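Please open the model in your viewer and keep the selection panel at hand. The tour goes from helix pairs to enclosed and open spaces, one selection at a time.

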Amino acid sequence: FRSISVRLSDAMSEASVWAERYDRPLAGIVEVQDELTGLIAAAVANQLEIEIGARSGGGNPTSFASYELILEGNWHFKKLTIAANDLAIACYNKALAIEPRSAEAMSALATGLTSGWLLEFSAEKLARGVEIGRRAVEFDPLLAKAHAATGFGLLFLDGLAAAREPIERALALNPDDWFCLT
């Protein structure tokens with residue numbers, strides 16, 4: 001086995017923002033590199049999304065434990081399976097239990113729930129996702145992901161006309177975000 005440690009630091013303060021250690025077998029080094037590259041890229045992207053949200057004036061403080069659960073949920077969510085989506089939803093619910101006013105956790109939960117429509121055609125998850133997405137927008141109207149999650153759910157719940165406003169708002173807030181563009 002080989003241990004690989006990765007750390008992301010704030011360039012101005014030099015404070016460690018995120019760190020992870022990966023233990024992998026030496027065999028199949030190319031596959032290990034591909035796996036770790038994907039895991040690290042996802043973790044860094046998630047960290048940047050949360051940092052941008054926190055610095056955008058949304059006033060959405062996130063405790064470390066809640067933040068870790070959001071990251072874990074995002075990791076599961078990106079697997080795009082029913083089982084992984086259910087694990088993501090569980091992580092987001094735990095994050096909200098720790099910090100009930102976290103718009104970041106709410107928008108992540110809304111995304112997981114509305115994706116339940118695509119993965120398993122769950123009308124109940126879809127409706128709940130839209131409701132939670134709207135709450136996330138109320139808590140942080142500058143969080144593009146909250147608008148995008150709401151619009152995504154409304155697209156399937158009520159059609160394109162209902163989805164247009166939140167999707168356009170999400171794109172106006174963050175035109176380069178992959179989820180908003182999707």
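Contact here means heavy atoms within 4.5 Å, and the model on screen is a predicted one.

**First stop: α4 and α5**

Select residues 103-120, which form helix α4, together with residues 123-139, which form helix α5; the two pack at an angle of about 160°, and their axes are 7 Å apart. Because angles over 145 degrees count as roughly antiparallel, α4 is roughly antiparallel to α5. Looking along the pair, you can check that the crossing of α4 and α5 is left-handed.

Now show the side chains where the two helices meet. On the α4 side, colour Ala-103, Met-106, Ser-107, Leu-109, Ala-110, Leu-113, Thr-114, Gly-116, Trp-117 and Glu-120. Their counterparts in α5 are Ala-123, Lys-125, Leu-126, Arg-128, Gly-129, Val-130, Ile-132, Gly-133, Arg-135, Ala-136 and Phe-139. Coloured by class, this contact of α4 with α5 shows twelve nonpolar, five polar and four charged residues.

**Second stop: α6 and α7**

Move the selection to helix α6, residues 144-157, and helix α7, residues 160-173, whose axes come within 8 Å and cross at roughly 160°. That angle makes α6 roughly antiparallel to α7, and α6 passes α7 in a left-handed crossing.

From α6, select Ala-144, His-147, Ala-148, Thr-150, Gly-151, Leu-154 and Leu-155, which meet Leu-160, Ala-162, Ala-163, Pro-166, Ile-167, Arg-169, Ala-170 and Leu-173 in α7. By class, the contact of α6 with α7 is made up of eleven nonpolar, three polar and one charged residues.

**Third stop: the largest pocket**

Next, hide the helix pairs and turn to the largest pocket, which holds about 390 Å³ of space. Its lining has 17 residues, and the ones to select are those closest to the centre of the pocket, namely Trp-18, Glu-20, Tyr-22, Ala-43 and Leu-71.

Which elements each supply at least two residues of this lining? Selecting β2 (16-24), α1 (29-55) and α2 (64-77) will show them, and β2 gives the largest share, seven residues. When the lining of the largest pocket is coloured by class, eleven residues are nonpolar, one is polar and five are charged.

**Fourth stop: the cavities**

How many cavities of 30 Å³ or more are there? The count comes to two, and the tour takes the largest cavity before the second largest.

For the largest cavity, with about 120 Å³ of space, centre the view on Asn-74, Phe-77, Thr-111, Lys-145 and Trp-178, which lie nearest its centre among the eleven residues of the lining. Select α1, α2, α4 and α8 (178-181) as well, since each of these elements supplies at least two residues of that lining. The lining of the largest cavity divides into five nonpolar, three polar and three charged residues.

The second largest cavity holds about 30 Å³ of space, and the residues to select around it are Arg-2, Ile-4, Arg-24, Pro-25, Leu-26, Ile-29 and Val-32. Here β1 (2-9) and α1 are the elements that give two or more residues to the lining. Five residues of the lining of the second largest cavity are nonpolar and two are charged, with no polar residue.

How values were computed
Residues numbered from 1 in each chain as written. Predicted model: local features only at pLDDT ≥ 70, side-chain atom pairs only at ≥ 80, totals over all residues. Heavy atoms only, no water. 1 Å grid on protein atoms, 1.4 Å probe; cavity = no way out; pocket = protein on both sides within 12 Å on 5 of 7 lines; lining within 4 Å. Points joined across faces, edges and corners; volume = space filled by probe spheres on them. Helix = DSSP H or I, 4+ residues; strand = E, 2+ residues; numbered from the N terminus. Nonpolar A, V, L, I, M, F, W, Y, C, P; charged D, E, K, R; others polar. Axes fitted to C-alpha atoms, helices over the stretch in contact; angles between N-to-C directions. Parallel < 35°, antiparallel > 145°, perpendicular 65-115°, else oblique. Left-handed = near helix turned anticlockwise from the far one by under 90°.
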